[in-house]
Amino acid sequence: MHELGVTFHIMDHVEKVAAENEVSRVCRVTLELGEVSTVIESYLQNCWAWAAKKRPLFNECELTVETLPAITYCEGCEKTYPTVQYGKICPHCGSEQTYLLQGNEFNIKEIEVE
């Protein structure tokens, strides 16, 4: 489970930003999580709940996750399609000349402070 490491990475980054801005408490962190990223949201939420209790800056801090849909682009017909539903082969023309446009991101979108 790499979600614990991801949690620590997020918290370390937020702690740095909070220190730079003289923030004493973070109320909410909002993440953008791609639909085909390797991070499992339920595991991440569990890790967050556990780790937030260990760091005063995050006392009762909520983690909000916004899922970004996975979208693939086809070079053959220049159309996009939902990756999870169709995979690598374009449903419009059958081409395998495709690549992921979005959906594997993992971004800190917002940090809400007291």
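In strand 4, Pro82 is the residue that bridges to Ile71. That pairing is a handy way into this model, which is a predicted one. Strand 3 (residues 71–74) and strand 4 run antiparallel, and 3 bridges hold the pair together. Between them sits a hairpin with 5 residues separating the strands, and in that hairpin Glu78 has a positive phi near 60°.

Glu78 deserves a second look. Most residues other than glycine keep phi negative. Glu78, in the loop between strand 3 and strand 4, has a positive value near 60° without being a glycine. Glu78 counts as exposed because its relative accessibility is 61%, and the cut-off for exposed is over 50%.

Now turn to the other side of strand 3. There, strand 5 is joined to strand 3 by 4 bridges, and again the two run antiparallel. Ile71 shows up once more here, standing opposite Gln102 of strand 5. Tyr73, for its part, faces Tyr99 of strand 5. So what does the whole sheet look like? The order is 4-3-5, making an open sheet of 3 strands with antiparallel pairing. Strand 4 (80–82) and strand 5 (98–102) are the edge strands, and each of them pairs on one side only. Ignoring direction, neighbouring strands in this sheet are turned by 35° against each other on average.

Which residues of strand 3 lie on its covered face, and which on its uncovered one? Side chains in a regular strand alternate between the two faces of the sheet. In strand 3, Thr72 and Cys74 make up the covered face, while Ile71 and Tyr73 are on the uncovered face. The two residues we just followed across to strand 5, Ile71 and Tyr73, are thus the pair on the uncovered side.

There is a second sheet to walk through. Here 3 strands come in the order 2-1-6, again as an open sheet, but with mixed pairing. Strand 2 (62–68) and strand 6 (106–113) are at the edges with a single partner strand apiece, so each has one side without a neighbour in the sheet. The average turn between neighbouring strands is 20° here, direction ignored. Strand 1 and strand 2 pair in the parallel sense, over 7 bridges, and one residue to pick out along the way is Glu32, whose bridge partner in strand 2 is Glu66.

Two helices pack on this sheet. Helix 1 touches strand 1 and strand 6, and its direction makes about 45° with that of strand 6. Helix 2 touches strand 1, strand 2 and strand 6, with its direction at about 165° to that of strand 2.

For a view from within the sheet, try Thr30, which belongs to strand 1 (residues 26–34). Is Thr30 buried or exposed? It counts as buried, because its relative accessibility is 4% and the limit for buried is under 20%. Leaving aside residues up to four places away in sequence, Thr30 touches Thr64, Glu66, Asn107, Ile108, Lys109 and Glu110. Glu66 is a name you've met already, as the partner of Glu32.

Back to the helices, and how they meet each other. Two packed helices are described by the angle and the distance between their axes. For helix 1 (residues 3–20) and helix 2 (residues 41–52), the axes come within 9 Å and cross at roughly 55°. That angle makes helix 1 oblique to helix 2. The crossing is right-handed. On the helix 1 side, the contact is made by Glu3, Leu4, Val6, Thr7, Phe8, Ile10 and Met11, and on the helix 2 side by Tyr43, Leu44, Cys47, Trp48, Trp50, Ala51 and Ala52. Sort the residues of this contact by character and you get 12 nonpolar, 1 polar and 1 charged.

One last stop lies just past helix 1. Glu22 is in the loop between helix 1 and strand 1, and its phi is near 55°, a positive value in a residue other than glycine. With 76% relative accessibility, Glu22 counts as exposed. Glu78, the hairpin residue from the start of the tour, also has a positive phi and also counts as exposed.

Conventions:
Residues numbered from 1 in each chain as written. Predicted model: local features only at pLDDT ≥ 70, side-chain atom pairs only at ≥ 80, totals over all residues. Heavy atoms only, no water. Axes fitted to C-alpha atoms, helices over the stretch in contact; angles between N-to-C directions. Parallel < 35°, antiparallel > 145°, perpendicular 65-115°, else oblique. Left-handed = near helix turned anticlockwise from the far one by under 90°. Contact = heavy atoms within 4.5 Å. Nonpolar A, V, L, I, M, F, W, Y, C, P; charged D, E, K, R; others polar. Pairing = 2+ DSSP bridges. Buried < 20%, exposed > 50% of the residue type's maximum accessible area, 1.4 Å probe, protein only.
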